[in-house]
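These are my notebook entries on how two chains meet and on what space is enclosed. I began by asking for the structure to be shown.

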Amino acid sequence: MTLDSDEALAAGVVPAQLHSLLNYSMITGVMITSNQTGILALGKTLSATIGKGAGDPVQLNGVIYSVSGVYLTNSWMDYSVIIPHVVAQQMIGMVNGTSMIVATAQDSRNVDNVIGQIRTLMPTVEAFRSSETPSKVSPIFASLESIASDITAIVTLGAVLGIMNSNLNNLRERMRAFAIFKATGATYNQIIKLVLYESLLLGTLGTLIGLGISYAVLQFISIPIVQNVSVAIILVPSTFLYAALLAFSVSFLASIYPALKIARVRPQEVFRFG
Amino acid sequence: MAEEPVLRTDELNKTYWNGPEKTVALDGINLEIRKGELLAVYGPSGSGKTTLLFLLGGFDKPTSGRILLDGIEISNMDEYRLSRIRRSNVGFVFQNYNLVEDLSVQENVSLTMMFEGKTEKEMKERTAELLDKVGLVGKERHRPSQLSAGEQQRVAIARALANRPRLVLMDEPTGNLDQDNSRAIMQLVTNIIRADGVTFIIATHNLEIVQETPSRLFLKAGQIATDLISHS
């Protein structure tokens, strides 16, 4: 829908059910509380994009609304606008009709099972997880997700091979030191541990620096989610956690082979032949 | 009853193969050395001195024959047990010192104790004691590159003694030192033998050291040959 001069995703919801559908907190103002017309709530990122906040007037599809408040979900919903569902039904010409049902499973482990049952019972209905909504709604986002996944896989593989090669070269240069360690009684396992600890330490430092740089850079990057609407990337704790886990895994994987190789060093050969 | 020798070898052989080419590095070496003894192993280059030391130190395995350290055969031990032997029972001093350049004197001396799992306190105390013994008090934080050749060799000796080994093997310990430093190192070795009863085997080209050592072994083409030097 058109919000002021931009386009935005609009979610029509039954206000009374909102808490069971969405985890959110209000940054300013209040959430819509009834099916009255003329009010809407803005997601934090959308609010920042259009420069409107609680109490401000906005045009939704040419109709003036008042912003009741700005909410934060730390999800794609922060790019959207929430309006009462009856208002949404009127706007899309489906009075008393339903285009989407949001269901919340009490046990998250059952979600896939429920989705499967819906697809079986209603083959013409599309059922998907709420996290997949942006890519279902926006083909651009779907492409970006796919590209990002591919880039992540390629970068991860490249990182493992690159760091492994770097580790091997680095350890070869310090072959003499490891030969001394073995000559002075370090066991095969102790050498492996030394290399892995060192690698994890460097990996931790690299992860922290990388996350810091990513955080700073992503503040200036936006993604065109639908036509004319570019949204900023939301960084949530889980993003950092996954990135950190991936970085540690890369560091660890890239150090296993060099560690095993250097642990086999034969001091007598290094000391005699260099 | 005679004391059990610290080290004994029976018919020790070491052969290297380079494709079809066979090189006999050691051939039928029998030797016995007791606590507090100093043995000089000498001979021309390629006679097998270093090979013998590497076998006795558990760096390599003989092709045949036995090595008994304190009555325990080490010639058939696996790599893990040999590492423990190198750490606890045998100290090794190399011609070019083999100190870790990135570590301080104190850290170099502590290396073997660290691998042994000693506490920080134990390592600190033992290191202080050893640096006092080798005359390097005040140089704990120096890097090897900041020390003279003689001082680096003293650090190597301190490191070899860290875990109170019964046997110390020295490969050309004076090879890179001038005459004064060589004498000082040998005096230090003599003092350690007297004070702690440690057994030393020294592979050397230095005839001055050989002449002053009552127990010596002349190696020629991997075999024990007749001692060419008359006792002074």
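The entries below treat the interface and then the cavity.

**Conventions.** I noted that the model is predicted, that local features need pLDDT of at least 70 and side-chain atom pairs pLDDT 80 or more, while totals for chains, interfaces and linings use all residues. Residues are numbered from 1 along each chain as written, chains are lettered from A and ligands numbered from 1 in the order written, and side-chain values use heavy atoms, without hydrogens and water.

**Interface.** I looked up the contacts (heavy atoms within 4.5 Å) and found 20 residues of chain B against 17 residues of chain A. For buried area, I used the accessible area (1.4 Å probe) that two parts lose on being put together, summed over both. The value is about 1700 Å², with 60% from carbon and sulfur atoms. B:Phe59, B:Asn98 and B:Phe115 supply 32% of the area that chain B buries against chain A.

**Salt bridges.** I counted a side-chain nitrogen of Lys or Arg within 4 Å of a carboxyl oxygen of Asp or Glu. There are two between the chains; B:Asp60 and A:Arg266 form a salt bridge at 3.5 Å, N to O.

**Cavity.** I took a cavity as a set of points, on a 1 Å grid over the protein atoms alone, where a 1.4 Å probe fits but cannot get out; lining residues have an atom within 4 Å of a point. Volume is the space filled by probe spheres on the points, which are joined across faces, edges and corners. I found one cavity of 30 Å³ or more, and the largest has a volume of about 130 Å³. Its lining has 16 residues, with B:Arg86, B:Val90, B:Gly91, B:Phe92 and B:Thr112 nearest the centre.

Methods. 1 Å grid on protein atoms, 1.4 Å probe; cavity = no way out; pocket = protein on both sides within 12 Å on 5 of 7 lines; lining within 4 Å.
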